[in-house]
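The following report describes the structure shown below. It begins with a single residue and then proceeds to the overall fold, the core, the charged pairs and the surface.

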Amino acid sequence: MALGLGSRVFGDVLPVFVAEHFGDALWACMIYFGFRTCYTHKKISFSLWCSLAFCFAIEGSQLYQASWIIYLRETTLGAFVLGKGFLTADLVRYTAGAASAALLDLAWPWRKRS
């Protein structure tokens, strides 16, 4: 979470590509590992698909513009969780982040099976 927030706060000193893309990718990584922590007995693909569905649903919810949810999005926590506006590029960033997290999970040394 700190890395994702840092990519937003220090965006002016980071490379443009990192500042523009890494925050959303890291958020998707966090969601992936949240699902992975809650569902350790399930396959990695389960956490990957659940995290993508969650991220895509949050992004899709940004198309909904009722006054009560706009009010929530104007709060700091609401902006972090719900986002501000729909961007198709965010779907690509989420996919890259969740896929990277799943690959890291697969490659992790403790995963070696006997």
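## Contacts of Ser 51

Apart from neighbours up to four places away in sequence, Ser 51 makes contact with Ile 31, Tyr 32, Phe 35 and Ala 98. Ser 51 belongs to helix 3. With a relative accessibility of 0%, Ser 51 counts as buried, because buried means under 20% relative accessible area. These statements, like those that follow, refer to a predicted model.

## Overall fold

The protein contains six helices and zero strands. Its pattern along the sequence is accordingly written α-α-α-α-α-α. Of its 114 residues, 33% count as buried. The protein exposes about 7,600 Å², and carbon and sulfur atoms supply 73% of that area. Among contacts with a separation of 6 or more, 54% are between residues 24 or more positions apart.

## The nonpolar core

In soluble globular proteins, nonpolar side chains tend to be buried together. In this model, the largest nonpolar core has 18 residues. Trp 27, Tyr 32, Leu 48, Cys 55 and Tyr 94 are the members with the most contacts inside that core. Helix 2 (16-38), helix 3 (44-61) and helix 6 (88-107) are the elements that give two or more residues to this core.

What does Leu 48 touch, leaving out residues up to four places away in sequence? Leu 48 touches Tyr 32, Ala 98, Ala 99 and Ala 102. Tyr 32 and Ala 98 are also among the residues in contact with Ser 51.

Ala 25, in helix 2, has a relative accessible area of 16% and is therefore buried. Its contacts, not counting residues up to four places away in sequence, are Arg 93 and Gly 97. The C-alpha atoms of Ala 25 and Gly 97 are separated by 3.9 Å, although the two residues are 72 residues apart along the chain.

## Salt bridges

Side chains of opposite charge can pair when their charged atoms come close. How many salt bridges does the structure hold? The structure holds three salt bridges, and these are listed below.

| Salt bridge | N to O distance |
|---|---|
| Arg 93 and Asp 24 | 3.4 Å |
| Arg 36 and Asp 105 | 2.6 Å |
| Asp 90 and Arg 93 | 2.5 Å |

The salt bridge between Arg 93 and Asp 24 has its closest N and O atoms 3.4 Å apart. This pair links distant parts of the chain, with Arg 93 in helix 6 and Asp 24 in helix 2, 69 residues apart. The side chains of Asp 24 and Arg 93 are also joined by a polar contact of 3.4 Å. Are Arg 93 and Asp 24 buried or exposed? Both Arg 93 and Asp 24 are buried: the relative accessibility of Asp 24 is 11%, and the relative accessible area of Arg 93 is 14%.

Arg 93 forms a further salt bridge with Asp 90, in which the closest N and O atoms are 2.5 Å apart. Asp 90 and Arg 93 both lie in helix 6, three residues apart, which is about one turn of the helix. Asp 90 has a relative accessible area of 6% and so counts as buried. Asp 24, Asp 90 and Arg 93 are thus linked in a network of salt bridges.

The side chains of Arg 36 and Asp 105 also meet in a salt bridge, at 2.6 Å from N to O. Because Arg 36 lies in helix 2 and Asp 105 in helix 6, this pair ties together parts that are 69 residues apart in sequence. Arg 36 is buried, its relative accessible area being 10%. Asp 105 is likewise buried, with a relative accessible area of 5%.

## A nonpolar surface patch

Which residues make the nonpolar surface patch of about 480 Å²? The patch is made by Tyr 64, Trp 68, Tyr 71 and Leu 72. One of these, Trp 68, has its place in helix 4, which spans residues 67-73.

## Summary

Helix 2, helix 3 and helix 6 each give two or more residues to the largest nonpolar core. Helix 2 and helix 6 are also linked through the pair of Arg 93 and Asp 24, and through the pair of Arg 36 and Asp 105. On the surface, Tyr 64, Trp 68, Tyr 71 and Leu 72 form a nonpolar patch.

Key
Residues are numbered from 1 along each chain as its sequence is written. This is a predicted model: local features need pLDDT of at least 70, side-chain atom pairs count only at pLDDT 80 or more; totals for chains, interfaces and linings use all residues. Side-chain values use heavy atoms; hydrogens and water are left out. Patches are made of residues with over 30% relative accessible area and no salt bridge: like charges are joined within 9 Å, nonpolar side chains (Val, Leu, Ile, Met, Phe, Trp, Tyr) within 5 Å. Accessible areas come from the Shrake-Rupley method with a 1.4 Å probe; for residues, only the protein chains shown count as cover. A salt bridge is a side-chain nitrogen of Lys or Arg within 4 Å of a carboxyl oxygen of Asp or Glu. Helices (H or I, at least four residues) and strands (E, at least two) are DSSP runs, numbered from the N terminus. A nonpolar core is a set of buried Ala, Val, Leu, Ile, Met, Phe, Trp, Tyr and Cys residues joined through side-chain atoms within 4.5 Å. Buried means under 20% relative accessible area, exposed over 50%, partly exposed in between (1.4 Å probe, protein chains only). Contact means heavy atoms within 4.5 Å. A polar contact is a pair of N or O atoms within 3.5 Å; within protein, one must be able to donate a hydrogen and the other to accept it, and residues adjacent in sequence count only if both atoms are side-chain atoms.
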